[in-house]
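Could you walk me through this model in my viewer, one selection at a time? I would like to know what to pick next and what I will find there.

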Amino acid sequence: MGQNNDSSLHGFILLGFSDNPKLEMILSGVVTIFYLITLVGNTAIILASLLDSRLHTPMYFFLRNLSFLDLCFTTIVPQFLVNLWGLNKTITFVGCVIQLYVYMWLGSTECLLLAVMSYDRFTAVCKPLHYLVIMNPHLCLKMIIMVWSISLACSLVLCTLTMNLPRCGNNILNHFACEMPAMIKIACVDTKAVEMSVFALGIVFVLTPLFLILISYGYIARAVVRMKSKAGQRKAINTCGSHLTVVSIFYGTLIYSYLQPGNSTSKDQGKFLTLFYTAITPSLNPLIYTLRNKDMKDALKKLIRVAYESTTMKRKWKS
């Protein structure tokens, strides 16, 4: 892992917002609320789409994967909270490596998954008669496996390059997580080669999927304008609008965080952005996809009714 990397023995110190305890207290409360919303909201979407046979379609298959991905993101949040609460400002070297790999893997996966979801919407709107033939279960499964596998390979390359940078004993991260930009900053050598590698892969995994998404929605917009049915237009706008909102929030934050010069952001700006797309964005996805989706609303109502009836029966049985 490079020469003189004493951090491999002693781990890292995560400063977080140590210089502002009041801010840490406020952020810990906000993150806790959004953490709970993420857990409840995404779990509800997965269960509702599985229990309702009407939602056994490619669109909801990909939505379940997105909700599962958001739940995976929440595995990092408890460590954020421990840091913000001031309970533990350190992390072991192994823990940091795992966090970095998982973080990059999930981020890369969401980039590609959103592109796949846009192709699904393109097929549904522009080729409705052939939709179920094109987006058959076998193809959907292959696409998901490819998304997770390619993203894993990307995270292995980027994280290995980052962790191999010599740190000359530097183990203090001005962050509350082992995020790549923070890890690169404590290196004691010229990091231009690594930064260029990050930028190049960033173009492949961020800008290329975004470009494909924009092309898909260009065709979708043209198809919606040509629709004669107002009901069909509203349905297309609702389902595609939800996905486009998620894309805008996720990609906007990601591009602002990674695809710009390393010294162009303030020391705290990167921390706020990390909190936003790790803790807040995953909690917004369930709200965005349910508020404008009648089928999902009905499925959630059915799930709540089943849960209520089950609880009532258990109480009667006990009494």
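Start by selecting R54 and D52: in this predicted model, their side chains meet in a salt bridge, with 2.9 Å from N to O. Colour by accessibility and you will find D52 buried, at 4% relative accessibility.

How many salt bridges does the structure hold? The count comes to three, so two stops remain on this part of the tour. Select K89 and E24 next, where the closest N and O atoms of the salt bridge are 2.5 Å apart. Zoom out a little here: K89 sits in the loop between α4 (77-84) and β2 (90-91), while E24 belongs to helix α2 (residues 21-51), so this pair ties together parts that are 65 residues apart in sequence. E24 is buried, its relative accessible area being 7%.

Now pick D120 and R121, whose side chains form a salt bridge at 3.0 Å, N to O. Are these two residues buried or exposed? D120 counts as buried at 2% relative accessibility, and R121 is buried too, with a relative accessible area of 8%.

Next, the cysteines. A disulfide is a covalent bond between the sulfur atoms of two cysteines. Searching the whole structure turns up two disulfides.

Show C96 and C178 as sticks: a disulfide joins them, with 2.0 Å from S to S. Look along the S-S bond and you will see a left-handed link, at -125 degrees. This pair connects distant parts of the chain, since C96 is in helix α5 (residues 93-126) and C178 is in the loop between β3 (172-173) and α8 (180-185), 82 residues apart. Both ends are hidden from the surface by the accessibility measure: C96 is buried at 0% relative accessible area, and C178 is buried at 2%.

Move on to C168 and C188, a disulfide with its sulfur atoms 1.9 Å apart. What is the handedness of this disulfide? The torsion about its S-S bond is about 65 degrees, so the disulfide of C168 and C188 is right-handed. C168 lies in the loop between α7 (137-163) and β3, and C188 in the loop between α8 and α9, so the pair ties together parts that are 20 residues apart in sequence. Here the burial reads otherwise: C168 counts as partly exposed at 44% relative accessibility, and C188 is partly exposed at 33%.

If you number the bonded cysteines of the protein chain in sequence order, the pairing reads 1-3, 2-4. C72 takes part in no disulfide, and the nearest cysteine sulfur, in C111, is 15 Å away. C72 is buried, with 18% relative accessible area. Select C111 as well: its sulfur is 8.7 Å from the closest cysteine sulfur, that of C154, which is too far for a bond. C111 counts as buried, at 2% relative accessibility.

Now highlight helix α3, residues 58-73. This helix has 16 residues and reaches 23 Å from its first C-alpha to its last, close to the 22 Å expected. Turn on the surrounding atoms: 14 of the 16 residues of α3 are buried, so the helix is largely enclosed by the rest of the structure.

For the last stop, switch to a surface view and select F211, L212, I215 and Y219, which make a nonpolar surface patch of about 400 Å². One of them, I215, is in helix α9 (residues 192-226) and counts as partly exposed, at 37% relative accessibility.

Notes:
Residues numbered from 1 in each chain as written. Predicted model: local features only at pLDDT ≥ 70, side-chain atom pairs only at ≥ 80, totals over all residues. Heavy atoms only, no water. Helix = DSSP H or I, 4+ residues; strand = E, 2+ residues; numbered from the N terminus. Expected span 1.5 Å × (residues − 1). Buried < 20%, exposed > 50% of the residue type's maximum accessible area, 1.4 Å probe, protein only. Salt bridge = Lys/Arg side-chain N within 4 Å of Asp/Glu carboxyl O. Patch = residues over 30% accessible without salt bridge, like charges linked within 9 Å, V, L, I, M, F, W, Y side chains within 5 Å. Areas by Shrake-Rupley, 256 points an atom, 1.4 Å probe, with all protein chains shown as cover. Disulfide = S-S within 2.5 Å.
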